[in-house]
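User: I'd like to go through the reasoning behind some structural labels. Could you walk me through it with the model on screen?

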Amino acid sequence: MKKKRPGLQDVANQVGVTKMTISRYLRDPSQVSAMLRGKIAVALDELGYIPNRAPEILSNATSKAIGVLLPSLTNQVFAEVLRGIESVTDSHGYQTMLAHYGYRPEREEMRLTSLLSYNIDGLILSERTHTERTRKMIEVAGIPVIEIMDSASPCIDLAVGFNNHDAAYQMTKEILQNGHLHTVYLGARQDERTVIKMQGYEQAMREFGLEPRSVCTDRSSSYSLGCELLKEAFQRYPETDSIFCTNDDIAIGAAFECQRLGLSIPNDIAIAGFHGHDIGQSMEPKLTSVLTPREKMGQVAAERLLARLRGETVKPKMLDLGFKILHGGSI
């Protein structure tokens, strides 16, 4: 059952002012004194106050809506996750309310405030890193929450995904066992999963007695970025004979650059990707990649969330769907 959310009167009582003063602050903070602005802001954070855009009569009713927060709307990974989610929510009469936050925790907080104001029944999150206010709002809302894309990191409530560290570790071992010992990791965005994958790569390299080497950027993934990162890898590490990429977009872009340079894959350089997208399996040679369960993850996440909404006990708390190495000809 949803918790009773703090209202304007609760905030007013904590600050020691009238409800009208809080309302004026929310409309335009400049309408109250600087001293009061500070006190009200602190009270709003401490109480986890969430504006309610739904009619008051519905404030304790179910909305039949699930909030979904995704870091990217252009990344094919999340398009497939969303397809899995909606295959379940649609069949159970639930709507999805979608918000995008660009891998930024502060923007996630802002988008979450908006979603919760519509009295959603449950929430699907794509990260494990959240601001303190985000966590407080989730606690105050008292709704089921499931975090996806990872099965190892601590979660707020429930989680479903795969082990990014182990997947990267296993892929790096595949590359090394095929005799390519000068492997460079190419990363983009520098989000938490990119960093976790790099840690898995580094562990495998060290176990083989090799020095980890990486070329990373905080820019968004793209084929053209894969070209650029490969060229930078060759400049910084001329002996590079293989690359492990944080996703297939980077890997495919790097493969295009190899073609332009007249390099043979995998004879001159081996390439491995992550996620196992169809385009990589249409290349020649096919891209060796980690196949991740994107659509299934969305389906299972939605099923577990709806089970919680029905009052069912959902175990285990963190569910690992696993991954598979797609053995193409690129390593």
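User: What makes β5 and strand β11 a pair, and in which sense do they run?

Analyst: Happy to help; keep in mind that this is a predicted model. Two strands count as paired once DSSP finds at least two bridges between them. β5 and β11 (residues 318–320) have 3 bridges, in the parallel sense, so the pairing criterion is met. One bridge joins Gly161 to Asp320 in β11.

User: How do you know that β4 pairs with β5?

Analyst: By that criterion of at least two bridges: β4 and β5 share 3, again in the parallel sense. Here Ile146 stands opposite Leu158 in β5.

User: Why are both faces of β5 called covered?

Analyst: Buried means under 20% relative accessible area. Leu158 and Val160 on one side are buried, and so are Ala159 and Gly161 on the other. In a regular strand, side chains alternate between the two faces of the sheet.

User: What makes Val160 a contact partner of residues outside its own stretch of sequence?

Analyst: Contact requires heavy atoms within 4.5 Å. Leaving aside neighbours within four places in sequence, Val160 has such contacts with residues including Ile146, Ile148, Met297, Val300 and Leu321. Val160 is also among the residues with the most contacts inside the largest nonpolar core, which has 43 residues. Both β4 (145–148) and β5 (158–161) supply at least two residues of this core, while the largest share, 7 residues, comes from α11.

User: Which residues belong to the other core, and how many does it have?

Analyst: That core lies apart and has 22 residues, among them Val215, Leu229, Met283 and Leu287.

Notes: Residues numbered from 1 in each chain as written. Predicted model: local features only at pLDDT ≥ 70, side-chain atom pairs only at ≥ 80, totals over all residues. Heavy atoms only, no water. Core = buried A, V, L, I, M, F, W, Y, C linked by side-chain atoms within 4.5 Å. Buried < 20%, exposed > 50% of the residue type's maximum accessible area, 1.4 Å probe, protein only. Helix = DSSP H or I, 4+ residues; strand = E, 2+ residues; numbered from the N terminus.
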